[in-house]
Amino acid sequence: NFELLKLRCSGVSMFRMMIIACRSSLQQSTRNSFPRQLPRAGRFGEPPVKQILACLLLLVFAASAAHAEPRVALVIGNSGYEHVTQLTNPDNDAKGMAEKLTSLDFEVVTGTNLSLRDMRKTVREFIAKLEGADLALFFYAGHGLQVNGENYLVPIDAELNSYVDLEFEAMPANLILNAMEHSTKVNLVFL
């Protein structure tokens, strides 16, 4: 049964399945031993020690497997805009987020105060790291626009004078989101 769970599940979901399997095993054990027979150890009605130890070992294994999964993050913070109002916090927020994610064992691709060219280069680097990752996180702090249901990230050198300029001067958020959905199992997005 454990091998079947291992094949069907991965990461956090495997960890949850292991908890469910252990919980049901313990409940079944308790039902089977009470009141028909006395349990092998502990007070009356407690499950046998061997099953508890087996469940604990499975949980430890699942926790270590979940922690070892590759996780990647893209963190962008744009503050120093050239043609629109500058922002005070996004680059600081991005630096703080990148530090925290690195401490949580994420492989972090970070960019602050990015031009369109630099933003494309940073996004390309992130997309290349998505392959084989189980979890991807995208954090963006800076100016953004939504036009006709489409979200755009605004680089610091963008000159937006008309609707047409969006395609040439801004980064479509869907470019990043579609790559994440295609490549990873779990995606977290903070805009």
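Start by selecting Lys 185 and Asp 134, which form a salt bridge with the closest N and O atoms 3.4 Å apart. Lys 185 lies in the loop between α7 and β7 (186-190) and Asp 134 in the loop between α5 and β3, so the pair ties together parts that are 51 residues apart in sequence. Colour both by accessibility: Lys 185 is exposed, at 56% relative accessible area, whereas Asp 134 is buried, at 15%. The model on screen is predicted.

Where is the other salt bridge? The count for this model is two. Select Lys 129 and Glu 107, where the closest N and O atoms are 2.7 Å apart. Lys 129 sits in helix α5 and Glu 107 in strand β2 (residues 107-112), and the pair links distant parts of the chain, 22 residues apart. Both partners are partly exposed: Lys 129 has a relative accessible area of 29%, and Glu 107 is at 39%. Side chains of opposite charge can pair when their charged atoms come close.

**The whole chain**

Zoom out and switch to a cartoon view. The protein has seven helices and seven strands. Following the sequence, the pattern is α-α-α-β-α-β-α-β-β-β-α-β-α-β. Of its 191 residues, 35% count as buried. Among contacts in the protein with a separation of 6 or more, 62% are between residues 24 or more positions apart.

**Strand β3 and its partners**

Select β3 (135-141). How many of its residues are buried? Seven of the seven are, and the strand is mostly covered. Show the side chains: Leu 135, Leu 137, Phe 139 and Ala 141 point one way, while Ala 136, Phe 138 and Tyr 140 point the other way.

Now add β1 (71-77). β1 and β3 run parallel and are joined by seven bridges. To see one facing position, pick Arg 71, which stands opposite Leu 135 in β3. Then add β7, which pairs with β3 in the parallel sense over five bridges. Here Leu 137 is the residue to pick, standing opposite Leu 188 in β7.

Stay with Arg 71 for a moment and bring in Phe 106. Arg 71 lies over the face of the Phe 106 ring, at 5.1 Å from the ring centre. How many aromatic pairs are there to look for? The count is zero.

**The nonpolar cores**

Select Phe 126 and Phe 138. These two have the most contacts inside the largest nonpolar core, which has 24 residues. Two or more residues of this core come from each of β1, α5 (116-130), β3 and α7 (173-183). Which element gives the largest share? It is α7, with five residues.

Centre the view on Phe 126 and show its surroundings. Neighbours within four places in sequence aside, Phe 126 is in contact with Val 72, Ala 73, Leu 74, Val 109, Ala 136, Leu 137, Ile 176 and Met 180. There is also a second, separate core of ten residues, and Ala 94, Ala 98, Leu 135 and Phe 139 are included in this second core. In soluble globular proteins, nonpolar side chains tend to be buried together.

**The three-stranded sheet**

Next, select β4, β5 and β6. They make an open sheet of three strands in the order β4-β5-β6, with antiparallel pairing. Why is one side of β4 and of β6 left without a neighbour in the sheet? β4 (144-147) and β6 (171-172) stand at the edges and each has a single partner strand, so one side of each is left without a neighbour there.

Narrow the selection to β4 and β5 (residues 150-153), which run antiparallel and are joined by four bridges. Pick Gln 146, whose bridge partner in β5 is Asn 151.

**Last stop: Glu 159**

Move on to the loop between β5 and α6 (165-169), where Glu 159 is found. Is Glu 159 buried or exposed? Neither label applies, because Glu 159 is at 42% relative accessibility and counts as partly exposed. Setting aside neighbours within four places in sequence, Glu 159 is in contact with His 83, Asp 165 and Glu 169. Finally, draw a C-alpha to C-alpha distance from Glu 159 to Ala 170: the two are eleven residues apart in sequence and 8.9 Å apart in space.

Terms used: Residues numbered from 1 in each chain as written. Predicted model: local features only at pLDDT ≥ 70, side-chain atom pairs only at ≥ 80, totals over all residues. Heavy atoms only, no water. Phe/Tyr/Trp six-rings, centres within 6.5 Å; stacked < 30°, edge-to-face > 60°. Lys NZ or Arg CZ within 6 Å of the ring centre and 35° of its normal. Core = buried A, V, L, I, M, F, W, Y, C linked by side-chain atoms within 4.5 Å. Buried < 20%, exposed > 50% of the residue type's maximum accessible area, 1.4 Å probe, protein only. Contact = heavy atoms within 4.5 Å. Salt bridge = Lys/Arg side-chain N within 4 Å of Asp/Glu carboxyl O. Pairing = 2+ DSSP bridges.
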